[in-house]
Amino acid sequence: MHTSQDTNEEHANLEQLHGIRLDESGMTVWVVSSGLTAKEHFEPYIEWGFTGEKAMFIRITRIKRDTGKAMPRSVPITFSWAELNPQNRDVSSFELQNRN
């Protein structure tokens with residue numbers, strides 16, 4: 001069960017996304033990097049709809065800080081559909097949660 005406190009904590013841990021692209025190969029998100037950001041520094045959290053709908057909820061969380069000294073810039077990180085949906089469930093819609 002999620003409480004409002006759980007939701008606030010989860011929201012605080014979400015990575016701020018500066019762009020998103022969906023295509024046949026997967027999902028690309030743009031995040032801020034100071035030179036030491038890698039795909040392995042992020043973890044997508046997947047939840048499935050509970051109402052019988054074919055919906056997927058995606059949260060992108062940074063699990064390792066970028067400690068680089070370079071000027072911050074936006075960089076792409078790509079997750080394949082196999083990484084996001086390893087059970088290959090039929091998905092008719094999804095929601096991506098972003099931190100503002």
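Student: Leaving aside neighbours within four places in sequence, which residues is I77 in contact with?
Tutor: In this predicted model, and with contact taken as heavy atoms within 4.5 Å, I77 is in contact with M27, T28, V29, V31, T37, A38, K39 and F42, once its neighbours within four places in sequence are set aside. Local features here need pLDDT of at least 70, side-chain atom pairs count only at pLDDT 80 or more, and totals for chains, interfaces and linings use all residues. Residues are numbered from 1 along each chain as its sequence is written, and side-chain values use heavy atoms, with hydrogens and water left out.

Student: How many residues does the largest nonpolar core have?
Tutor: The largest nonpolar core, meaning buried Ala, Val, Leu, Ile, Met, Phe, Trp, Tyr and Cys residues joined through side-chain atoms within 4.5 Å, has 13 residues, and I77 is among those with the most contacts inside it, as are M27 and F42. Two or more residues each come from β2 (26–33), β3 (42–48), β4 (55–62) and β5 (73–80), where strands are DSSP runs of E of at least two residues, numbered from the N terminus.

Student: Switching to G68, where does it lie, and is it buried or exposed?
Tutor: G68 lies in the loop between β4 and β5, and G68 is buried, with a relative accessible area of 17%; buried means under 20%, exposed over 50% and partly exposed in between, with a 1.4 Å probe and protein chains only.

Student: And which residues is G68 in contact with?
Tutor: Apart from neighbours within four places in sequence, G68 is in contact with S34 and L36.

Technical notes:
Helix = DSSP H or I, 4+ residues; strand = E, 2+ residues; numbered from the N terminus.
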